[in-house]
Amino acid sequence: MACPHPLQAHQIQGGMNEADFPALLPIVMWLVKRFYETRERTAVQLRRFSTLQFGLRRYAASMALPEDARTGAFREAAKRARVQRRFKRTAALKSRTEESRVNLVLVEYGENVQDPGLAAGTRQELRDMMETKSGSVTVRGGQVVEMLTTGSELSRAATEYEARVAKTQEELSNPAAAGVASSFERQRGILKQQLKKEEAKLDAARQEAALVSGRVKQVAEAAEEQAKHRKQLEAEVRNLIRLEQGDGDHQATLKALKDLVMENEGLKAQEVAFKASCKEQRARLTAELAALKERQADPQEERLSEIEKMYEKVQSRCSRLRQVVAEKNRAVAGVRRLIDDIPTRTELIQYERRFVELYAQVTRKLEEVRKYYDMYNVLEQKRDFLDKEVKLLGSITQGFDVAMRGRQAEKSKFLDEFDGMIAGVQQQLETQQATLEARATKVDELNKQYQDLVEEERSYFKAVKDFQEECNRNEVLEAKAKRLGESLISV
């Protein structure tokens with residue numbers, strides 16, 4: 001299934017005490033996500049298939065078209081299949097009964113009405129006042145009455161109408177024709193929409209171009225005005241420069257004029273600064289006056305404002321103290337957590353007991369495993385020796401038969417080989433005997449070490465017991481000394 005998360009075989013059932021649930025959680029989440037994706041993909045495929053099947057049916061094409069194209073297709077179909085009016089009744093012809101009105105309407109739309117109960121006066125009225133409306137041919141009332149009497153023309157008209165209706169129904173019921181027509185109408189509708197969008201874009205572009213052209217004209221006009229103004233300023237500057245470079249009288253006049261202009265500008269600046277300072281002083285004095293009026297008018301409000309200020313100060317101090325207390329509480333909680341993390345003496349004793357039990361269990365298991373390994377090695381070694389013995393006996397048997405049937409030289413060769421085999425077996429036996437003696441010596445040494453450790457353990461337990469007895473004696477003596485000291489103090 002291409003699962004991105006690994007999962008072992010023993011983790012499928014959750015493990016002992018829900019130990020493998022963290023490994024199962026991402027896989028379950030991935031399966032749920034995969035399920036929803038598959039369901040959405042299946043829904044999309046079914047929706048597409050339904051749309052395809054619906055498009056192959058009778059009215060799929062018209063329903064898939066846009067609103068304007070769909071309305072045009074329905075109108076065209078209704079136009080081909082609608083009932084056509086073949087006769088027209090004149091205004092002078094009036095029906096007296098409901099039955100006659102129904103018959104007249106049926107005759108107008110080409111139905112073959114042969115009613116034997118039709119009144120003679122009505123037939124005469126039809127003969128005189130009915131006229132057909134079919135191209136440029138006009139049929140008078142007598143012909144209509146004759147048609148009603150014979151029924152041949154009306155029957156032919158009804159037959160043509162039924163043939164046209166059947167043809168229209170066949171065209172509508174043909175899936176291929178409907179598909180072609182719907183495809184054409186769909187493309188035409190899409191092209192119309194695209195044409196409308198492009199026309200709208202063209203209109204917007206034209207409007208934007210008109211706006212841009214107007215702005216360009218305005219900018220050009222502004223540029224021309226700026227150029228004219230610049231030329232005027234340049235002409236004035238040249239005149240002033242020419243005047244300054246003229247006679248001494250003009251120089252003195254220009255200098256005096258410059259001094260006056262500078263003085264005027266300074267006076268204007270001082271006036272503006274003085275007005276601003278006056279406005280500022282006025283606003284400040286107005287605010288002070290309003291404050292004095294308020295204080296004089298309502299001394300209770302001043303007292304309330306002072307109380308509110310004091311309350312705000314106390315509140316801010318209280319909030320600061322709360323923050324300090326919260327910090328202290330967090331620090332105390334942290335210290336408590338650290339203290340809780342440190343195990344107590346009882347817990348340490350329990351941990352020690354559990355570790356001792358675990359160590360004993362592991363030791364027993366290790367000894368058992370070692371025994372199994374030693375047993376396996378011994379049996380394997382026995383099996384090797386037995387295999388070698390079997391092979392040796394087999395080779396001796398085969399060589400003995402061949403040597404006994406052969407010559408004296410072969411017998412001598414067999415005896416030499418047999419002597420060599422005996423020497424090899426004797427050497428192997430000596431080797432194993434040496435190995436056995438070495439292991440026995442090692443076992444004796446280990447037993448001696450074990451006995452020494454047992455004696456040391458006994459000495460340790462004896463020393464601990466003596467120490468405990470001496471501690472008890474010390475406690476008893478301290479208690480006696482304490483009581484003796486208290487008795488002496490009381491005396």
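A residue counts as buried under 20% relative accessible area, as exposed over 50%, and as partly exposed in between. This tour goes through a predicted model, and that scale of exposure will be used at several of the stops.

Begin by selecting Glu 470 together with Arg 473, whose side chains meet in a salt bridge with 3.5 Å from N to O. Both belong to helix H12, where they are 3 residues apart and therefore separated by about one helical turn. Glu 470 has 44% relative accessibility, so it counts as partly exposed, whereas Arg 473, at 53%, counts as exposed.

Stay on helix H12, which covers residues 408-490, and move to Glu 455 and Arg 458, which are also 3 residues apart and thus separated by about one helical turn. These two form a salt bridge as well, and the closest N and O atoms are 3.3 Å apart. Arg 458 is exposed at 54% relative accessibility, while Glu 455, at 42%, is partly exposed.

How many salt bridges does the structure hold? The count is 8, and the next selection shows how some residues are joined through such contacts: display Glu 380, Arg 383, Asp 384 and Asp 387, which are linked in a network of salt bridges. Within this group, look at Arg 383 and Asp 384, where the closest N and O atoms of the salt bridge are 4.0 Å apart. Arg 383 is partly exposed, with a relative accessible area of 43%, and Asp 384 is likewise partly exposed, at 33%.

For a surface of another kind, select Leu 348, Tyr 351, Phe 355, Leu 358 and Val 362, and switch on the molecular surface if your viewer allows it; these residues form a nonpolar patch with about 520 Å² of accessible area together. Tyr 351 is a convenient residue on which to centre the view, and its place is in helix H11, which spans residues 345-405. With a relative accessible area of 43%, Tyr 351 falls in the partly exposed class.

Now turn to the aromatic side chains. A search of the whole structure finds 2 aromatic pairs, and one of them can be seen by selecting Phe 35 and Tyr 36, whose ring centres are 5.5 Å apart and whose planes stand at 65 degrees, so that the pair is edge-to-face. The cut-off behind that label is an angle over 60 degrees between the planes. Phe 35 is partly exposed at 48% relative accessibility, and Tyr 36 is partly exposed at 41%.

Next, bring up Cys 278 and Cys 318. Cys 278 has a relative accessible area of 33% and is partly exposed; Cys 318, at 28%, is partly exposed too. How many disulfides are counted in the model? The count comes to 0 disulfides, the rule being that two cysteine sulfur atoms must lie within 2.5 Å.

For the last stop, select Leu 243 in helix H8, which runs over residues 175-244. At 39% relative accessibility, Leu 243 counts as partly exposed. Then add Leu 254 to the selection and draw a distance between the two C-alpha atoms: these residues are 11 apart along the chain, and their C-alpha atoms are separated by 8.4 Å.

Key:
Residues are numbered from 1 along each chain as its sequence is written. This is a predicted model: local features need pLDDT of at least 70, side-chain atom pairs count only at pLDDT 80 or more; totals for chains, interfaces and linings use all residues. Side-chain values use heavy atoms; hydrogens and water are left out. Patches are made of residues with over 30% relative accessible area and no salt bridge: like charges are joined within 9 Å, nonpolar side chains (Val, Leu, Ile, Met, Phe, Trp, Tyr) within 5 Å. Accessible areas come from the Shrake-Rupley method with a 1.4 Å probe; for residues, only the protein chains shown count as cover. Helices (H or I, at least four residues) and strands (E, at least two) are DSSP runs, numbered from the N terminus. Buried means under 20% relative accessible area, exposed over 50%, partly exposed in between (1.4 Å probe, protein chains only). Rings of Phe, Tyr and Trp (its six-membered ring) pair if their centres lie within 6.5 Å; planes under 30 degrees apart count as stacked, over 60 as edge-to-face and the rest as tilted.
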